[in-house]
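Dear colleague,

Here is the structure I promised to pass on to you. Please have it open while you read, since my notes follow below it.

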Amino acid sequence: MSTTATEDSAAVEAGALDVLIVGAGVSGVGAAYHLATQRPGTRFLVLDALESFGGTWLTHRYPGIRSDSDLYTFGYRFKPWVGPPIATAAEILAYMGAVIEENGLAPHIR
Ligand SMILES: Cc1cc2nc3c(=O)[nH]c(=O)nc-3n(C[C@H](O)[C@H](O)[C@H](O)COP(=O)(O)OP(=O)(O)OC[C@H]3O[C@@H](n4cnc5c(N)ncnc54)[C@H](O)[C@@H]3O)c2cc1C
């Protein structure tokens, strides 16, 4: 998170980006992964209004929050889930954090 929202907006308007992903939830992080790995060289940013990635799993913080369905199907195909079928929000956030770290996506997420 090294630039300001104004600077990011300016970059978009100046055509310095190829792709702008809105939202750093499961969908946005997955899109970022695919751009980084399947379209190397693409200039992209993932912008989120929240303080960090996670989307649903960051905003819902009530006790006992967990997935409804199994993570073997909810998780990314490129990073198979290896934990228990039903996961807590914290476990899903950790999983997404690993995806971001392992693929060098952090500099793209604001
Ligand atoms: C308790 C609970 C359990 C669930 N269990 C399952 C399950 O088992 N299986 C399943 O498939 N789904 C489940 N879901 C649904 C789950 O929310 C989605 O599957 C998935 O997490 C949605 O990811 P997403 O990235 O599409 O959206 P979100 O997680 O909603 O992320 C969207 C992000 O975009 C950001 N954003 C939106 N608009 C803007 C904007 N204009 N500017 C900046 N940022 C913006 C938001 O801040 C947010 O961070 C569950 C939901 C809840 C609440």
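Which helix gives the most to the shell around the ligand? Before answering, I should say that this is a predicted model. The answer is helix α2, residues 26–38, which contributes 3 residues to that shell. The shell around the ligand holds 19 residues, and those that come nearest are Gly23, Gly25, Ser27, Gly55 and Thr56. Sorted by class, the shell is made up of 8 nonpolar, 9 polar and 2 charged residues.

It may help to place this in the whole chain. The protein chain has 5 helices and 2 strands, and if you follow these elements from the N terminus, their order is α-β-α-β-α-α-α. The chain has 110 residues, of which 21% count as buried. When we take the contacts in the protein chain with a separation of 6 or more, 62% of them are made by residues that lie 24 or more positions apart.

Helix α2 also appears in a helix pair. Its partner is α5, and the two pack at an angle of about 20 degrees, with their axes 10 Å apart. Angles under 35 degrees count as roughly parallel, and α2 and α5 are therefore described as roughly parallel to each other. Their crossing is left-handed. On the side of α2 the contact is made by Val26, Val29 and Tyr33, while Met96, Val99 and Ile100 make it on the side of α5. By class, this contact of α2 with α5 has 6 nonpolar residues, with no polar and no charged ones.

Two loop residues are also worth finding in the viewer. Serine 52 sits in the loop between β2 (44–47) and α3 (56–59), and because 13 C-beta neighbours lie inside 10 Å, serine 52 counts as partly exposed. Its C-alpha atom is 9.3 Å from that of glycine 25, although these residues are 27 apart in sequence; glycine 25 is also one of the residues that come nearest to the ligand.

Valine 82, in turn, belongs to the loop between α4 (71–74) and α5 (89–102). Is valine 82 buried or exposed? Valine 82 has 9 C-beta neighbours inside 10 Å, and so it counts as exposed. Between the C-alpha atoms of valine 82 and tyrosine 72, which are 10 residues apart along the chain, there is a separation of 7.8 Å.

With best wishes

Terms used: Residues numbered from 1 in each chain as written. Predicted model: local features only at pLDDT ≥ 70, side-chain atom pairs only at ≥ 80, totals over all residues. Helix = DSSP H or I, 4+ residues; strand = E, 2+ residues; numbered from the N terminus. Buried ≥ 20, exposed ≤ 12 C-beta atoms within 10 Å, placed from the backbone. Near = placed C-beta within 6 Å. Nonpolar A, V, L, I, M, F, W, Y, C, P; charged D, E, K, R; others polar. Axes fitted to C-alpha atoms, helices over the stretch in contact; angles between N-to-C directions. Parallel < 35°, antiparallel > 145°, perpendicular 65-115°, else oblique. Left-handed = near helix turned anticlockwise from the far one by under 90°. Contact = placed C-beta atoms within 7 Å.
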